[in-house]
Amino acid sequence: MKSPHILLLNKNVVELRRELGSILSRKSTAAFDAEVRENVIQLFSLGRHHFDFAQALGSANWRQIVSRSYYGAYSVSKAVRLAVSGQYSREVKDHEKVGDLPDDFPDKNTYANRLRLLRDDRNLCDYDHTVVEADLGMSSTDAVAVVGGLVAHARGYLRTRKYRV
Amino acid sequence: MAHDVERHMDDSQLFALKEAFEQQSGLLGIDTELKQRPDGALLVIKVANPTERLFRVLESAREQIVSKSGEELRATLQRTAKSNPLQSAEGRLLLRTLSESLNINRNSFKDDFFARYTKSVSGAEEQITAAANHVVFGRRGAGKSSLLLYGLHTRGNRAHPSAWVDMQVYSQRTDIAVAIDLFLDIMSQVRPSLSTASLADAVVSELRSLKVAQAVDEAMIRRVLPDVRRALGGFTSQGQDLVIFLDDYHVLSRELQPKILALLYAVTRGNGIFLKLSAIETLTQTWDAATKSGLQIPHDVQEIKLDYNLTIPEKATEHLTSILDAHATYCGLSSIRSLCTSTDVLSRLVWVAAGVPRDALSIFGQAMTKASLTGGKRVSVSSINVAASETVNVKLKELDTDASGEAGPLHTLLEKLREFCVKQQRKNAFLIEIRNDDPTFQRVLNLVDLRLLHVINEGISVGEAGRKYLALILDYGFYIGVRAARSVDLFNKQTRKVAYKDLRRLPVFVEDE
């Protein structure tokens with residue numbers, strides 16, 4: 001990410017917006033909001049790009065399917081979390097929050113469980129040369145199905161909040 | 001596989017997690033597998049249909065165990081087809097769930113009420129939540145109490161005050177003092193939400209004095225009504241309304257029904273308080289024309305009719321299937337169909353239950369038990385038939401309790417109808433002329449409410465102009481299953497839309513003197 005960038009402030013943008021609300025002019029506030037919205041859209045788009053790539057792979061590439069599906073899910077999750085709670089982080093620990101979707105997100109508990117498992121599977125696929133597909137918590141086909149569902153739900157969820165994704 | 005988990009699960013936390021999941025989901029003895037991965041163990045719980053509810057339970061159980069041990073636990077649900085659905089944890093939970101659903105009350109299902117509730121096809125839910133007086137009519141088991149509970153829980157979710165009275169406690173009462181007990185019950189339920197608590201306490205004390213007085217009459221009760229009205233009117237000043245739900249109102253003696261409603265209405269009318277009643281129509285009198293007292297339909301109270309029956313079989317099938325599917329999904333099954341040997345099972349269920357939801361739940365539950373006992377893995381048409389045959393005994397008992405004063409003539413008429421259908425005509429369907437002044441016709445309507453007869457057409461002309469007939473079938477329990485009668489022609493057993501020409505061919509029943 002190139003500096004200067006609003007997300008490099010490493011602040012919760014919802015909280016930042018609240019604090020700056022009384023200082024910024026209406027025009028500046030609108031510019032701030034537009035910048036955040038654009039980042040939500042770009043994050044969602046990045047996630048979809050990873051996922052489209054995963055979907056196009058043949059089943060022999062199960063490691064890549066799982067890995068790219070996970071990154072698709074992670075970016076989509078980041079987009080939703082940024083849009084709703086203003087959270088954005090570049091820390092490694094942020095991966096632990098991949099399933100921390102808002103309370104009103106469809107099938108929130110299903111995704112919390114499945115995405116946590118997908119993250120563990122992704123680590124095995126990327127770093128463990130001894131692992132076979134049967135060791136995974138879900139097959140690469142299931143991974144695509146789970147992330148496909150997440151992308152569709154996130155699209156609907158963000159659209160109801162006027163994001164053009 | 002469950003044994004494998006217990007044997008190999010050296011991590012006691014994972015075993016604790018499995019137990020917590022079983023307890024919270026109700027899926028006792030669910031199949032599990034412990035998967036050993038390079039990064040540690042993964043508990044895989046094998047469910048026929050892993051739903052959001054089950055994932056929520058798993059996440060909650062996981063948090064509970066993790067917070068105790070501080071260890072990160074890995075567990076998930078996996079969709080797995082069950083070779084013997086009836087004996088699976090999901091099938092056993094469904095059996096318990098169906099049993100619990102038969103006697104629904106204000107405490108049934110608690111937080112899961114809306115997940116288990118199936119909306120009516122007529123939009124009755126919008127009416128029951130509206131600010132107006134309503135009486136919900138329907139046969140036993142039609143879903144009257146469920147609809148009232150929908151209203152109660154909807155209000156509860158919005159933190160709006162309500163009072164719920166199960167009228168069974170006043171069954172067969174003929175004394176006007178029922179009104180005092182009702183007001184006391186209502187006051188005790190709403191007092192915590194009232195800002196005018198001291199006024200409410202004074203009214204309760206006044207009512208208690210009246211309750212212990214000898215020979216209470218209507219005039220004495222009417223003297224305290226202004227105080228009751230003022231106390232309950234406190235909700236209006238708090239910017240709220242109050243709804244009083246009276247479940248199974250018909251169990252009060254018939255003469256008393258309009259009198260009690262008149263006393264309630266004196267307190268509620270124009271006071272931000274609404275009445276919602278459930279009752280069996282032919283056993284209910286809301287208005288006494290002679291004394292002009294009670295609640296007059298539709299001026300003072302609007303009707304909501306839950307008359308799912310066999311006049312529109314496809315609607316009945318759709319509704320009953322939705323209700324059973326809601327329970328099946330709750331229990332981790334993909335659908336109710338997954339427990340049946342063929343699609344004919346649900347068609348037959350709709351007919352033997354005559355579109356009545358509670359009968360369908362009861363018969364299906366019994367059919368599950370019958371099928372299991374004979375080694376079946378799924379419910380078949382014959383297990384439905386046997387269960388339906390046994391259900392008729394329950395209905396005959398209900399005839400004695402619901403219509404105690406008129407049980408004798410109803411039994412006699414029912415016997416004549418059985419003779420007419422099964423022995424003389426060898427058909428399970430018949431016609432009777434619609435004559436509201438005819439006691440036989442009125443008794444037929446009573447038998448319809450008691451689900452011993454079922455309407456298949458509400459008005460058909462046969463021959464002479466101006467004469468209308470009701471088309472009915474005798475309850476299946478009288479001639480199928482253990483009571484199987486030879487050569488009875490079963491009318492429309494495939495649950496298709498009924499043709500008028502077929503209805504007109506049915507024999508006409510006329511009661512002999």
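B:Lys144 touches B:Val136, B:Gly138, B:Ser278 and B:Leu306, leaving aside residues up to four places away in sequence; two residues are in contact if their C-beta atoms, placed from the backbone, lie within 7 Å. B:Lys144 sits in helix α7 of chain B. Helices (H or I, at least four residues) and strands (E, at least two) are DSSP runs, numbered from the N terminus. B:Lys144 counts as buried because 27 other C-beta atoms lie within 10 Å. A residue is buried if 20 or more other C-beta atoms lie within 10 Å of its own, exposed if 12 or fewer, and partly exposed in between, with C-beta atoms placed from the backbone. B:Lys144 and B:Asp248 are 104 residues apart along the chain, and their C-alpha atoms are separated by 8.4 Å.

The model is predicted: local features need pLDDT of at least 70, side-chain atom pairs count only at pLDDT 80 or more, and totals for chains, interfaces and linings use all residues. Residues are numbered from 1 along each chain as its sequence is written, while chains are lettered from A and ligands numbered from 1 in the order in which they are written.

**Chain B as a whole**

Chain B has 19 helices and 13 strands. Its C-alpha trace spans about 85 × 70 × 35 Å along the principal axes. Of the 513 residues in chain B, 43% are buried. Among contacts in chain B between residues at least 6 apart in sequence, 75% join residues at least 24 apart.

**Two open sheets**

One open sheet of chain B has five strands in the order β5-β6-β7-β4-β10, with parallel pairing. Two strands pair if DSSP finds at least two bridges between them. The edge strands are β5 (162-166) and β10 (302-305) of chain B, each pairing on one side only. From one strand to the next, the twist averages 15°. Inside this sheet, strand β4 (residues 134-137) and strand β7 (residues 273-279) of chain B pair in the parallel sense over four bridges. B:His134 has B:Lys276 in β7(B) as its bridge partner.

Helix α7 (residues 144-157) of chain B, the helix that holds B:Lys144, lies across β4, β5, β6 (242-247) and β7 of chain B and runs at about 160° to β6(B). Axes are lines fitted to C-alpha atoms, for helices over the stretch in contact, and angles run from 0 to 180 degrees between N-to-C directions.

Another open sheet of chain B has three strands in the order β1-β2-β3, and its pairing is mixed. Here β1 (31-37) and β3 (75-79) of chain B are the edge strands, each pairing on one side only. The twist averages 30° from one strand to the next. Strand β2 (residues 40-47) of chain B runs parallel to β3(B), and five bridges join them. B:Leu43 stands opposite B:Ala75 in β3(B). Helix α2 (residues 12-25) of chain B lies across β1, β2 and β3 of chain B, running at about 20° to β2(B).

**Two helices that cross**

The axes of helix α4 (residues 89-101) and helix α13 (residues 313-330) of chain B come within 9 Å and cross at roughly 130°. This crossing makes α4(B) oblique to α13(B); angles under 35 degrees count as roughly parallel, over 145 as roughly antiparallel, 65 to 115 as roughly perpendicular and the rest as oblique. In α4(B), B:Leu94, B:Thr97, B:Leu98 and B:Ser101 meet B:His327, B:Ala328 and B:Tyr330 of α13(B). By class, this contact has four nonpolar, three polar and no charged residues. Ala, Val, Leu, Ile, Met, Phe, Trp, Tyr, Cys and Pro count as nonpolar, Asp, Glu, Lys and Arg as charged, and the others, Gly among them, as polar.

**The side facing chain A**

In chain B, 11 residues are in contact with 13 residues of chain A. Helix α3 (residues 52-69) of chain B gives the most to this side, with five residues. By class, the side of chain B that touches chain A has four nonpolar, one polar and six charged residues.

**Two further residues**

B:Asn107 lies in the loop between α4 and α5 (113-116) of chain B, and B:Asp31 in strand β1 of chain B. The table lists their neighbour counts beside that of B:Lys144.

| Residue | Other C-beta atoms within 10 Å | State |
|---|---|---|
| B:Lys144 | 27 C-beta atoms | buried |
| B:Asp31 | 19 C-beta atoms | partly exposed |
| B:Asn107 | 9 C-beta atoms | exposed |

The C-alpha atoms of B:Asn107 and B:Asp175 are separated by 29 Å, with their positions 68 residues apart along the chain. B:Asp31 and B:Phe509 are 478 residues apart in sequence and 56 Å apart in space, C-alpha to C-alpha.
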